[in-house]
Amino acid sequence: MQAFADIYKTYWQKIFRLCMGYVNDADLAKDMAQETFIIVWEQLPKFRNEANIGTWIFRIASNNCLRHIEKLNRFPRGELPPNLADEKIPGSEPQIQFLYKCIAELPETDRIIISLELENIKQAEIATIVGLSESNIRVRIHRIKEKLHQKFAANGQ
Amino acid sequence: MDNKINFKDLWAKQTSIEPNPGDLLLQISKMKRSNLRKLIVTNLMLVTVSAFIILIWIYYQPQLVSTKVGILLIILSMTIFLFAYNRSYTLFKEDINSKSNTDYLKELLAIKSKQQFMHTTMLNVYFILLSAGIGLYMYEYTSRMTIFWGIVAYGITLIWILFNWFYLRPKQIKKQQLKLDDMITKFKKLNNQLEA
């Protein structure tokens, strides 16, 4: 339980951002982050230290994102714990919003790759999460960043 | 190109208030219970029906082989149905969540095509065995009736079987298939992104 609480504390925001980059919808991203932690909780006893725990969690989270298309109707809104705190929407600055909007418009797997890169994950680790070679990841990240810069430039940001 | 934009900084500024992990765990146990309940109820129902049929066999001691074969076919059809039902439940229990995205998508596609097979083939086998079983089972009792009532009894059963075969079964299969086909196409698309 303590292990789970620590993981939850360390990774909640990171996983939330990954989901947010994938769908660009704060409520949905929160639901998806929670689904991720449900899987983490269930699979934690099976986790052996052969992999980095971060890699393991990001794999679960990104796979959950990829399966999102299937789950669209499975978790009716409001079934997951509601957020009682009356929160102001963080990250409401236009530049941040625009970044997430641009990322959510990329092809699905690119969204995952760039989100991990922006989360400061080493490219070698991204390669093991996604299952592509490191050089392939490097090329993709370069291309995605170029695309993002173009979009920002076009938008006059 | 404007290189002044620091995407990493912008990225990290997006945060969300984290829900209480206790609530989450509560939700998990609730969800698990309701899934398990559905599984148990379905299993229990079919086991009860099978037990009931066996009781009939013991109490009424059928004379003809056709009746006994009929009973066995009915039970077999339900066993197959249960097997398929339970299997599709456990397909996702296998731990594929922590594989790399590439492997995960491959596994997911494999699972989807297994489900496709089970939904069509197993459902067909179930219907055929069940219909044949009922037809055989009825023979002994119908043969004691007058021809008129015998025809009525078989006629009604036949109509019910035909209704199942030509209306309910295709409808069920089509519903599942549409969902699965759609899903498979989407997963293939994702898979292609990684192979490109």
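What follows is a short working chat about a predicted model.

Me: What are the ground rules here?
Reply: This is a predicted model: local features need pLDDT of at least 70, side-chain atom pairs count only at pLDDT 80 or more, and totals for chains, interfaces and linings use all residues. Residues are numbered from 1 along each chain as its sequence is written, chains are lettered from A and ligands numbered from 1 in the order in which they are written, and side-chain values use heavy atoms, with hydrogens and water left out.

Me: How many helices and strands in chain A?
Reply: Eight helices and zero strands. Helices (H or I, at least four residues) and strands (E, at least two) are DSSP runs, numbered from the N terminus. The order from the N terminus is α-α-α-α-α-α-α-α.

Me: What share of chain A is buried?
Reply: Of its 157 residues, 54% are buried. Buried is under 20% relative accessible area, exposed over 50%, partly exposed in between (1.4 Å probe, protein chains only).

Me: And how much area does chain A expose?
Reply: About 7200 Å², with carbon and sulfur atoms supplying 50% of it. Areas come from the Shrake-Rupley method with a 1.4 Å probe; for residues, only the protein chains shown count as cover.

Me: Which residues of α7(A) are buried?
Reply: E125(A), I126(A), A127(A), I129(A) and V130(A), in a helix spanning residues 123–130.

Me: What do they pack against?
Reply: In chain A, α3 (53–66), α6 (108–118) and α8 (134–154). In chain B, α4 (101–142) and α5 (147–195). Contact means heavy atoms within 4.5 Å.

Me: What comes just after α7(A)?
Reply: G131(A), with a positive phi of about 95°.

Me: Switching topic. How many disulfides?
Reply: Zero over all chains. The cut-off is a pair of cysteine sulfur atoms within 2.5 Å. C65(A) is in no disulfide; its nearest cysteine sulfur, in C19(A), is 4.1 Å away.

Me: Is C65(A) buried or exposed?
Reply: C65(A) counts as buried, because its relative accessibility is 0%.

Me: Why no bond for C102(A)?
Reply: Because the closest cysteine sulfur, in C65(A), is 18 Å from the sulfur of C102(A), too far for a bond. C102(A) is also buried, at 1% relative accessibility.

Me: Now rings. How many aromatic pairs?
Reply: There are 17 over all chains. Rings of Phe, Tyr and Trp (its six-membered ring) pair if their centres lie within 6.5 Å; planes under 30 degrees apart count as stacked, over 60 as edge-to-face and the rest as tilted. One of the pairs is Y11(A) with F58(A), edge-to-face, at 6.0 Å centre to centre and 80° between the planes.

Me: Where do Y11(A) and F58(A) sit?
Reply: Y11(A) is in α1 (residues 2–23) and F58(A) in α3, both of chain A. They are 47 residues apart, so the pair links distant parts of the chain. Both residues are buried.

Me: Why is the F47(A) and W56(A) pair tilted?
Reply: Because the planes are at 50°, with the centres 4.7 Å apart. F47(A) is buried at 14% relative accessibility, and W56(A) is buried at 7%.

Me: Which residues form a ring cluster?
Reply: F4(A), Y8(A), W12(A), F37(A) and W41(A), linked by ring pairs.

Me: Last one: which residues make the nonpolar surface patch in chain B?
Reply: I54(B), L55(B), I58(B), Y59(B) and Y60(B), with about 600 Å² of accessible area together. Patch residues have over 30% relative accessible area and no salt bridge (a side-chain nitrogen of Lys or Arg within 4 Å of a carboxyl oxygen of Asp or Glu). Like charges are joined within 9 Å, nonpolar side chains (Val, Leu, Ile, Met, Phe, Trp, Tyr) within 5 Å. Y59(B) lies in α2 (residues 21–60) of chain B and counts as exposed, at 67% relative accessibility.
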